[in-house]
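Let's work through a few exercises together. Have a look at the structure first, then try each task before reading its solution.

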Amino acid sequence: MDLKDQLKLIADRTKHKDNIQTEEATKNAFVMPFLQSLGYDVFNPLEVVPEFIADIGIKKGEKIDYAIFKDGNPTILVECKDWRENLNIHDGQLLRYFHVSKAKFGLLTNGIVYRFYSDLVMPNKMDEKPFLEFNITDIKDNQIEELKKFHKANFDAESIVNTASEMKFMNELKHLLNKELTEPTPEFVKYFAKQVYPSVVTARVLEQFTELTKKSIQQYISDLITERLKNALSKEDEKNKLENSNEISAEQNLEDISKVNTTEEELEGFLIVKTILRQKIPAPRVTYRDAQSYFAIFLDDNNRKVVCRLYLNGGKKFIGLFDENKKETKNEIESLDDIFKYSAALLKTIEIYEK
């Protein structure tokens, strides 16, 4: 089971969160399975240390819920809260632990929301804002890809730090864009208004353009979604047309095959050709395939090794012979016995293929 599937199982559990009444129950139901999904053995005290002691100044015996160890050193500190708790009022506690620890990452969670921190702004001081945050009930594929870096099998602190800064600023920019696109600030509106309004942007003009900017953003997003849907539907339509075309072709092939009727005369002609060719090759190597307009005889059942074709269903009968360039020449025959007249040509065709 891959990480995405494991996270989905944990997300499904949160549907019954009303039965979870304590912080300890939150750890057991949500947080410990989450750490296990990242490949850590929560029952190995050398790998995941519960109630990890972190002395803070004059405060001795301060404990953090879990510390994940690698090579004998703590790498990730995990602070857990009851699933009903708002994490915004608890990040200071993790910050204090982080300051006195060698761990490079901090995780604050209530089992549903997960926030990953590091010291990207100032060394050994945990950042105020997380570089990765997600809700396990609504986790995005790109967030799962980032989370995979914390898996025990992939964990490389230096590599994570190198990308964490970019992630942090991207997250902040996305929040900022979301805020501006929903309720644009005067600065945001003024930036665009100056580029399209021919005169001074007064307070009255700014008020007018605030509403116009909101409408323009909504319409642009709507057009963008519509265009993507049209492209998706167009591709789906093309796919359906191709599938229908293939179905029609298959039906036509079946219809064509159903029209083929191998006659006794054609089988007798096959046996004559087979008898001639046995002078050079074993009989099982000579095969045939019947079609609507002719009866073809092959070497080794290979359509690139046509020995001859028999045309026996019309008013006149023919045997089609092939030269070394695969060019066919039709020769009229009065009866099947006339096939023997072309024994040399048939044997020569076999010699060409055997070379």
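**Exercise 1: a strand and its neighbours**

To get going, find V78, which stands opposite L107 in β4. Keep in mind that this is a predicted model.

Task: work out which strands pair with β4, and in which sense.

Solution. Start from the V78 side: strand β3 (residues 73-80) pairs with β4 in the parallel sense, over five bridges. Next, look at strand β5 (residues 113-117), which is joined to β4 by four bridges and runs antiparallel to it. Here T109 stands opposite Y114 in β5. Finally, follow the chain from β4 to β5: the two make a hairpin with three residues between them. In that turn, G111 has a positive phi of about 85°.

**Exercise 2: the faces of β4**

Task: decide whether the faces of β4 are covered or open.

Solution. In a regular strand, side chains alternate between the two faces of the sheet, so each face gets its own check. On one side sit F105, L107 and T109, and these are buried. On the other side, G106 and L108 are buried as well. That makes five of five residues buried in β4 (residues 105-109).

**Exercise 3: a patch on the surface**

Task: find which helix gives the most to the nonpolar surface patch.

Solution. First, list the members: L177, L181, Y220, I221, L224, I225, L229 and L233, with about 770 Å² of accessible area together. Then match them to helices: α5 (157-182) and α7 (203-259) each supply at least two. The winner is α7, with six residues. Take Y220, which lies in α7: its relative accessible area is 54%, so Y220 counts as exposed, the cut-off being over 50%.

Notes:
Residues are numbered from 1 along each chain as its sequence is written. This is a predicted model: local features need pLDDT of at least 70, side-chain atom pairs count only at pLDDT 80 or more; totals for chains, interfaces and linings use all residues. Side-chain values use heavy atoms; hydrogens and water are left out. Patches are made of residues with over 30% relative accessible area and no salt bridge: like charges are joined within 9 Å, nonpolar side chains (Val, Leu, Ile, Met, Phe, Trp, Tyr) within 5 Å. Accessible areas come from the Shrake-Rupley method with a 1.4 Å probe; for residues, only the protein chains shown count as cover. A salt bridge is a side-chain nitrogen of Lys or Arg within 4 Å of a carboxyl oxygen of Asp or Glu. Buried means under 20% relative accessible area, exposed over 50%, partly exposed in between (1.4 Å probe, protein chains only). Two strands pair if DSSP finds at least two bridges between them.
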